[in-house]
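Me: I've got a structure open and would like to talk it through. Can you take my questions one at a time?

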Amino acid sequence: MRYQFLALIILTGLIYSGCSHTSELTGDNLQADESDIDYSIVYYIHADSDYLYHTPEGEPIRENSEVLDTAFKVAEEALTGEVFIYYQRPETKFLGLFPRKRSRLYHYKKSQLVNTIKYRHADKKESFLASEANLLREIRTQNRTDEHQSYFLFFGHEIPPENGKGYHHTLPDIDVNTASFASGIQNFLHSDEDRFNLVVLSTCNNGTPKMAELLMPFTDTMLASPQNLHLSHFDTEAITLLEKEPGVSSMKLARSMADQTYQRLEETIQTTITLTLYDLEEVKPYIDTLASLTSSNQTSDRFVQFQDNVDCSAINPFEADAYQQGVEMWYKPARFGRQSGRSTHSGWGCKPAAQ
């Protein structure tokens with residue numbers, strides 16, 4: 001009787017966990033339209049951490065679920081594009097023994113949900129975003145128009161400058177930092193010559209010279225917050241401009257996203273708002289100098305990880321006018337406190353040096 005019970009547990013566990021280490025195809029798996037697509041969008045929504053927010057009315061919001069709802073809406077309106085939505089959730093085990101596939105990849109082609117893929121990370125020390133990039137390469141559409149555009153949107157906590165273990169609560173040995181993020185998103189590109197039109201970092205404190213320098217080989221523009229971003233949340237409904245205004249530039253689209261986000265934040269919060277759009281071609285002539293200058297002030301023994309950035313102009317010497325080309329800023333100081341009288345911002349965020 002005991003052995004029969006154990007056999008039943010093992011059988012049930014295998015049903016829940018499956019034999020595949022990396023992914024399992026579920027859902028409708030519809031026959032997709034293989035005609036050319038005009039654009040590709042990747043949403044990566046990180047939920048393997050302490051994401052619990054409350055609306056102004058006190059309603060709890062868990063695991064970035066509000067961002068997920070917006071991503072579904074954008075995907076359902078993408079009539080000429082392809083949308084990949086990764087929802088990376090904590091990894092658990094059935095009965096403490098059998099690993100479950102709790103993360104999801106929702107794959108839309110031309111507004112139709114064609115695949116829902118459950119997945120987990122078989123290698124607990126893999127490179128950041130490796131499993132996700134492998135899945136995309138297996139299922140993405142190869143047929144693209146000549147004017148095809150690519151967008152990558154990341155939602156989560158601050159991507160730390162270094163020593164990034166523990167970013168995922170249930171995958172603590174995966175290194176997550178600015179360098180691993182840059183190399184990770186490179187694997188989502190179609191070829192070595194391909195680039196993103198826009199990378200959106202919907203996180204706190206990632207509008208930094210170092211992040212811009214690292215992403216420059218892979219994207220034309222970057223939208224991020226140089227300091228704290230309330231609830232780590234950029235509004236992304238403006239991506240539907242790709243349908244309403246075919247051929248719209250990534251700069252115009254990013255400005256619309258920043259405008260919408262700024263208006264929402266201005267109405268709801270009293271703390272500092274800092275949103276920055278970087279045209280990386282314009283930034284290119286001086287980014288190495290700026291990154292070197294700010295990094296020399298931020299050696300790992302001189303700053304505290306995850307402490308909020310300050311305006312890089314607080315670093316001495318820092319000639320703010322020398323680093324403004326290609327930088328567009330949406331800024332409003334806090335309504336109270338020491339910084340409430342500050343009217344300008346350089347657009348760049350830096351870690352404060354330890355005292």
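What follows is a set of questions and replies about this predicted model.

Me: Let's start broad: how many helices and strands are there in the protein?
Reply: The model is predicted, so read everything here with that in mind. The protein has 355 residues, and 52% of them count as buried. Its secondary structure comes to eight helices and 16 strands.

Me: Of the contacts between residues at least 6 apart in sequence, what share joins residues at least 24 apart?
Reply: Take Asn64 and Phe155 as an example: they are 91 residues apart along the chain, yet their C-alpha atoms are separated by 8.1 Å. Across the protein, among contacts between residues at least 6 apart, the share joining residues at least 24 apart is 73%.

Me: Which helix gives the most to the largest nonpolar core?
Reply: That core has 49 residues, and those with the most contacts inside it are Tyr86, Phe152, Phe181, Leu201 and Trp348. The helix giving the most supplies five residues to this core, and it spans residues 280–295: helix 8.

Me: And how many residues are in the other core, the one with Val74 and Leu223?
Reply: This core lies apart from the largest one. Among its members are Val74, Leu223, Leu242 and Ile269, and its residue count is 43.

Me: Back to Tyr86: which Phe does it touch, leaving out residues up to four places away in sequence?
Reply: Tyr86 is one of the residues with the most contacts inside the largest nonpolar core. Its partners include Val42, Tyr43, Leu105, Tyr119 and Leu136. Arg104 and Glu132 are also among them, and the Phe is Phe188.

Me: Is strand 11 largely enclosed or open, and how many of its residues are buried?
Reply: Strand 11 covers residues 196–202. It pairs in the parallel sense with strand 10 over five bridges, and with strand 12, also in the parallel sense, over four bridges. Strand 11 is largely enclosed by the rest of the structure, because the number of buried residues is seven of the seven.

Me: Which residue of strand 12 is the bridge partner of Val199?
Reply: In strand 11, Val199 stands opposite Phe152. Strand 11 runs through helix 5 (residues 209–215) to strand 12 in a right-handed β-α-β unit. In strand 12 (residues 219–224), the bridge partner of Val199 is Met222.

Me: Now the cysteines: what is the handedness of the disulfide between Cys312 and Cys350?
Reply: The structure holds one disulfide, and it joins Cys312 to Cys350 with an S to S distance of 2.0 Å. The two cysteines sit 38 residues apart, Cys312 in the loop between strand 14 and strand 15, and Cys350 in strand 16. Both are buried. The torsion about the S-S bond is about 95°, so the disulfide is right-handed.

Me: Is Cys204 buried or exposed?
Reply: Buried means under 20% relative accessible area. Cys204 has a relative accessible area of 13%, so Cys204 is buried.

Me: How does Glu243 count in terms of accessibility?
Reply: Glu243 is in helix 6 (residues 241–244). Leaving aside neighbours within four places in sequence, its contacts include Tyr39, Glu77 and Thr80. A residue between the 20% and 50% cut-offs is partly exposed. At 21% relative accessibility, Glu243 therefore counts as partly exposed.

Terms used:
Residues numbered from 1 in each chain as written. Predicted model: local features only at pLDDT ≥ 70, side-chain atom pairs only at ≥ 80, totals over all residues. Heavy atoms only, no water. Core = buried A, V, L, I, M, F, W, Y, C linked by side-chain atoms within 4.5 Å. Buried < 20%, exposed > 50% of the residue type's maximum accessible area, 1.4 Å probe, protein only. Contact = heavy atoms within 4.5 Å. Disulfide = S-S within 2.5 Å. Pairing = 2+ DSSP bridges. Right-handed = clockwise from strand over helix to strand, strands pointing away.
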